[in-house]
Amino acid sequence: MLIKNDEPACAQDMASALFGVDGVTVTEVEREPGGRLTVWARVTRPAACPRCGTAAGRVHEYVVTRPRDARACGQDVDFRLVKRRMECADAACPRATFTEWVPQVPPRCTITRRLLEHAGAEVADRGITPAEAARDAGISWPSVHGAFTQAADQVLDDSPAPVAHLGIDEHRRGRPRWRTDDLTGEYVRLADRWHVCFYDLGGQQGMLGQVEGRTSDDTAYWLAGATPAWRDAVQVVAIDMCTIFLSAVRRMLPRAQVAVDLFHVVQLAVKTVGDVRRRAIREKYGRRGKASDPEYGIKHLLERNLENISPDQFGKIIETLDASAEGQQIAITWIAKEKLRHALKLRARVTGSTPCERPVRDRLFTFYDWCAAHEDIPELLTLANTISRWENEIVTAVITGVTNATAESLNRLAKLEARHAYGFRNPANQRRRVRIACTRGTRRPPARTASATRRVIKRKHHPG
Ligand SMILES: [Zn+2]
């Protein structure tokens, strides 16, 4: 027994201050053999009738409640709160009796507010699931989820501040569902659900919002919900090479420039090299490639950037591809990829100075010229067609230097959140959890480091 009921008042005051529940005085603290603390306390806050406001009269009875409370100094606590049921001093009041209460434990609540706030903050700030927070706090999932929802709705502003650079990206919500058609025996898609997300690329706001579905109308719907002033403030929109987003942006943000993410442009070119390599190998050997084929041995070298290839590796590529007509087709596509990258290299992040439009278009023209000179390679023509369709957006990306990298990294967080939850059944819950995860970095306070212990040494005065 640590503190007894008959201890002097100062000991009870110290224990109450440590316990930290306003309006409550700790009267007794016991430690169980297993290390659990049992804290007995009584309400000392003056009580008034909730119906008429008259101060309480006589004590009707005493009740002991056991609200669940947060750990104290790392120890589990059994909280025993003694409340008085009082009689209303006004004899005419229809409410004859009432029970006193404190803000930490409102009437009819069996969990202290601070435990709920702690559990809600664990989900919102530390990114653990409500199920995990509920296990840790020893309360139910709905209680934690309710606390998290309250905490999240306070910090998530539905009307974001204006952004200059807007990013748009999508991710799948769960997995697609299929069923077998009874007549044809073929698979028919039942549901394939997506979320389109909007990101602040230049500022600190992270994810701005999400919308269910991934049609042009869905994307335009979210943009239509913003104020005209917000829409006018958007200067550049970064998207993947996706016509759905392009048409939505053209419709709702006619003044904004559109930039495609250059990563996806290079990715498309690298994929084309792979497509030609696979087709050429099939034509040369009459089968799919295997590890002993020389073309197979350089497949990863072909995916690398030219500047990251050593002279020996370069020699190996030329030697392998020069040996046959099929190999030369691969080499031509590989050169086309590098010609395309040559145009993209004019961006300020590489050169250190803002590029002009003319040289970018000139280099892209050199790329088209190369593709046209080798029109016998169908994949190369497809690539050139795609690039020319998106030429204006590519040039904007090179000139402005706006990329969708922030959106892609936050999109990864959004997908991770769904995996932590083993998928969401409720889309509104998913949007809230994802948005909290994708704005967490902007809310995080600066890291606190433990201050070094300073040893105080009693200095002796040495005369002389
Ligand atoms: Zn009353």
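Helices H2 and H4 come first. H2 covers residues 113-126 and H4 covers residues 141-155, and the two pack with their axes 8 Å apart at an angle of about 70°. This is a predicted model, so please hear every value as computed from it. Two packed helices are described by the angle between their axes and the distance between the axes. The 65 to 115 degree range counts as roughly perpendicular, and H2 and H4 are therefore roughly perpendicular to each other.

On the H2 side of the contact you have Leu116, Ala119, Gly120, Val123 and Ala124. Across from them, H4 contributes Ser143, Val144, Ala147 and Phe148. By class, the residues of this contact are seven nonpolar, two polar and no charged.

Next, the zinc ion. Which residues act as its protein donors? They are Cys49, Cys52, Cys88 and Cys93, each through SG, at 2.2 to 2.4 Å from the metal. Along the chain, the donors follow the spacing C-x2-C-x35-C-x4-C. The angles among the four donor atoms run from 96 to 117°, and the site is tetrahedral. For reference, the ideal angle for four tetrahedral donors is 109.5 degrees. Of the donors, cysteine 88 and cysteine 93 are both buried.

Alanine 91 sits in the loop between strand S4, residues 77-88, and strand S5. Is alanine 91 buried or exposed? Its relative accessible area is 79%, so alanine 91 is exposed. If you want a long distance to check in the viewer, take the C-alpha atoms of alanine 91 and isoleucine 330: they are 98 Å apart, with the two positions 239 residues apart in chain numbering.

Now backbone torsions. Most residues other than glycine have a negative phi. Arginine 108 has a positive one, near 65°. Where is arginine 108? It is in the loop between strand S5, residues 97-99, and H2. With a relative accessibility of 84%, arginine 108 counts as exposed.

Tyrosine 422 also has a positive phi, near 55°, and is not a glycine either. Tyrosine 422 belongs to the loop between helix H17, residues 405-420, and helix H18, residues 427-443. Its relative accessibility is 79%, so tyrosine 422 counts as exposed.

Last, two residues of helix H8, which spans residues 262-285. Threonine 272 is in this helix and counts as buried because its relative accessibility is 6%. What does threonine 272 touch, leaving aside neighbours within four places in sequence? The contacts are Thr333, Glu379, Leu380 and Leu383. The C-alpha of threonine 272 is also 8.7 Å from that of tryptophan 334, a residue 62 positions away along the chain.

Lysine 284 lies in H8 too. Its relative accessible area is 31%, so lysine 284 is partly exposed. Setting aside neighbours within four places in sequence, lysine 284 is in contact with Glu295, Ser324 and Glu326. For serine 324, the C-alpha separation from lysine 284 is 8.7 Å, and the two are 40 residues apart along the chain.

To recap, the zinc ion has a tetrahedral site, H2 and H4 pack at about 70°, and arginine 108 and tyrosine 422 each have a positive phi. In H8, threonine 272 is buried, while lysine 284 is partly exposed.

Terms used: Residues numbered from 1 in each chain as written. Predicted model: local features only at pLDDT ≥ 70, side-chain atom pairs only at ≥ 80, totals over all residues. Heavy atoms only, no water. Donors = N, O, S within 2.8 Å, 3.2 Å for Na, K, Ca; no water. Tetrahedral: all angles 85-135°; square planar, octahedral: opposite > 155°, others 65-115°. Buried < 20%, exposed > 50% of the residue type's maximum accessible area, 1.4 Å probe, protein only. Axes fitted to C-alpha atoms, helices over the stretch in contact; angles between N-to-C directions. Helix = DSSP H or I, 4+ residues; strand = E, 2+ residues; numbered from the N terminus. Parallel < 35°, antiparallel > 145°, perpendicular 65-115°, else oblique. Contact = heavy atoms within 4.5 Å. Nonpolar A, V, L, I, M, F, W, Y, C, P; charged D, E, K, R; others polar.
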